[in-house]
Amino acid sequence: MRKIAFLFIAALGMVTLNAQTSGQMATYNSFSADGGVTDALLNYADGDLSEKYTESSLVNDQYIQGSPYLSNSFSPTPLYYKDDVVGNVFYRYNALNEEVEIMKTQVEGETIRGLAKDKELNIRPNGKKMSFKTFITASDRTVNGYLTELVNGNTYDLYKRIHVKFSEAKAPKNTFEKAVPARFTKYVEFYVQKEGANRIDQILPKKSKFLNLLDADNKEAAKQFIKENDLNLKTEADMTKLFTFLNK
C-alpha cells in the first residue's frame with residue numbers, strides 16, 4: 001500500500017468517525033475486498049447533506065421544470081485523496097447546492113451522504129478531475145464550489161463549472177398571459193488559473209475580456225489561433241483546444 005494510504009488512515013485517526021450504516025465504530029482499513037471504499041473513508045469524506053432542493057424535497061412538486069441535478073441517477077466514480085485513489089463510490093452532482101452526493105453501493109436503502117468539502121478530496125467522472133475549489137466570478141465574487149479540470153498545463157489550467165439557478169413560479173398578470181412555472185436553469189462557465197497564481201478567474205466569452213486574462217506574450221498567439229480556427233469561447237471543445245495550444 002502506498003505511502004499516501006497510510007497518511008490517509010492516520011488522518012482518519014484524528015477525526016471522530018460516525019458509522020451511519022452499521023451503528024458501530026468503523027474499521028480503519030482503507031480498501032474493501034471488492035475494491036470499493038470502506039465506511040471509514042466514507043465517514044472521513046462525509047459532509048453535511050443539504051436539505052434544500054434535493055430529490056426528496058421535490059418529489060411532491062410536479063410543476064418545477066428541470067432539475068438541480070446534472071443527472072438524477074448515481075454513476076460510478078473513483079474517489080481520490082490528492083492524486084491517490086482510495087476507493088470507488090457512486091455519485092451525483094447537485095449543481096444548485098454545489099454538492100456532490102455519494103453512496104457506497106446502489107443497494108436500495110443505502111445512505112446518501114454529502115462529500116466533505118475538502119479540497120484534497122476529488123472524484124474522476126469520465127476521467128476528469130472534479131474537486132472543491134475557491135474561485136472568482138466575473139462579478140468579482142469569491143465563491144466556493146466544484147470545478148472540473150479540463151486542461152492541466154505548464155502555463156494555464158482550464159476548469160469548467162456547471163451550476164443551476166432556481167426561479168420561482170410567476171402567476172399571470174392578466175387573462176392574456178400564461179403562468180410561468182418554477183424552474184431550474186443550468187449554466188456552464190469556464191475558469192482559468194495561471195501558473196504560480198493563487199486565484200482562479202472566470203473567463204467571459206467576449207474575446208477582448210478573455211485576452212486580458214492571459215500573459216502579455218500569449219495574447220497575440222491566442223488571438224490568431226481563435227481567428228484561424230474559428231473558435232467559439234462558449235464551448236468546451238474549443239476552449240480545451242485553445243488552452244492545449246497555449247500550453248505548448
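A nonpolar core is a set of buried Ala, Val, Leu, Ile, Met, Phe, Trp, Tyr and Cys residues joined through side-chain atoms within 4.5 Å. The exercises below concern a predicted model, in which the protein chain has 6 helices and 11 strands.

**Exercise 1. The largest nonpolar core**

Task: Find which residues of the largest nonpolar core touch the most other members, and which elements give two or more residues to this core.

Solution. Begin with the members themselves: the core has 21 residues, and those that touch the most other members are Leu 79, Tyr 93, Val 100, Leu 115, Ile 123 and Tyr 146. Next, turn to the elements, where two or more residues each come from strand 2 (75-81), strand 3 (84-94), strand 4 (99-103), strand 6 (121-123) and strand 7. The largest share, 4 residues, is given by strand 3. A separate core of 19 residues lies apart from this one, and Tyr 156, Ile 203, Ala 222 and Leu 246 are among its members. As background, nonpolar side chains in soluble globular proteins tend to be buried together.

As a last step, take one member and list its surroundings: leaving out residues up to four places away in sequence, Tyr 93 touches several residues, including Val 100, Met 130, Tyr 146 and Ile 162.

**Exercise 2. Strand 4 and its neighbours**

Task: Decide whether strand 4 is largely enclosed or open, and describe how strand 4 pairs with strand 3 and with strand 5.

Solution. First count the buried residues: because 5 of the 5 residues of strand 4 are buried, this strand is largely enclosed by the rest of the structure. Then separate the two faces, remembering that in a regular strand the side chains alternate between the two faces of the sheet. Glu 99, Glu 101 and Met 103 are buried on one side of strand 4, and Val 100 and Ile 102 are buried on the other, so that both faces are covered.

Now follow the pairing. Strand 3 and strand 4 are antiparallel and pair over 5 bridges, with Asn 94 standing opposite Glu 99. The hairpin of these two strands has 4 residues between the strands, and Glu 98 takes a positive phi near 50° there. Strand 4 also runs antiparallel to strand 5 (residues 113-115), to which 2 bridges join it, and Ile 102 has Arg 113 as its bridge partner in strand 5.

**Exercise 3. Glu 149 in strand 8**

Task: Establish whether Glu 149 has a salt bridge or lacks one, and what its side chain meets instead.

Solution. Start with the location: Glu 149 is found in strand 8 (residues 142-152), a strand that is mostly covered, with 8 of its 11 residues buried. Next, look for a partner of opposite charge, for which the nearest candidate is the side chain of Lys 129, 5.2 Å away. A salt bridge requires a side-chain nitrogen of Lys or Arg within 4 Å of a carboxyl oxygen of Asp or Glu, and Glu 149, although buried, has no salt bridge. Its side chain does join that of Asn 152 through a polar contact of 3.3 Å.

Finally, place strand 8 among its partners. Strand 7 (residues 130-136) pairs with strand 8 in the antiparallel sense over 7 bridges, and Phe 132 stands opposite Tyr 146. Strand 9 (residues 156-167) pairs with strand 8, also in the antiparallel sense, over 4 bridges, and the bridge partner of Asn 152 in strand 9 is Asp 157.

**Exercise 4. Salt bridges between distant parts of the chain**

Task: Among the 9 salt bridges of the structure, trace those of Asp 83 and then examine the pair of Arg 161 and Glu 98.

Solution. The first pair is Asp 83 with Arg 124, whose closest N and O atoms are 3.3 Å apart. Asp 83 lies in the loop between strand 2 and strand 3, whereas Arg 124 lies in the loop between strand 6 and strand 7, 41 residues apart. Asp 83 counts as exposed because its relative accessibility is 56%, while Arg 124, at 17%, counts as buried.

The second pair is Lys 129 with Asp 83, at 3.9 Å from N to O, and these residues are 46 residues apart.

The third pair is Arg 161 with Glu 98, at 2.4 Å from N to O, which links residues 63 residues apart. Arg 161 counts as buried at 5% relative accessibility, and Glu 98 likewise counts as buried at 9%. To conclude, shared partners join Asp 83, Arg 124 and Lys 129 into one network of salt bridges.

Notes. Residues are numbered from 1 along each chain as its sequence is written. This is a predicted model: local features need pLDDT of at least 70, side-chain atom pairs count only at pLDDT 80 or more; totals for chains, interfaces and linings use all residues. Side-chain values use heavy atoms; hydrogens and water are left out. Buried means under 20% relative accessible area, exposed over 50%, partly exposed in between (1.4 Å probe, protein chains only). Lys and Arg count as positive and Asp and Glu as negative; His and the chain ends are not counted. A polar contact is a pair of N or O atoms within 3.5 Å; within protein, one must be able to donate a hydrogen and the other to accept it, and residues adjacent in sequence count only if both atoms are side-chain atoms. Two strands pair if DSSP finds at least two bridges between them. Contact means heavy atoms within 4.5 Å.
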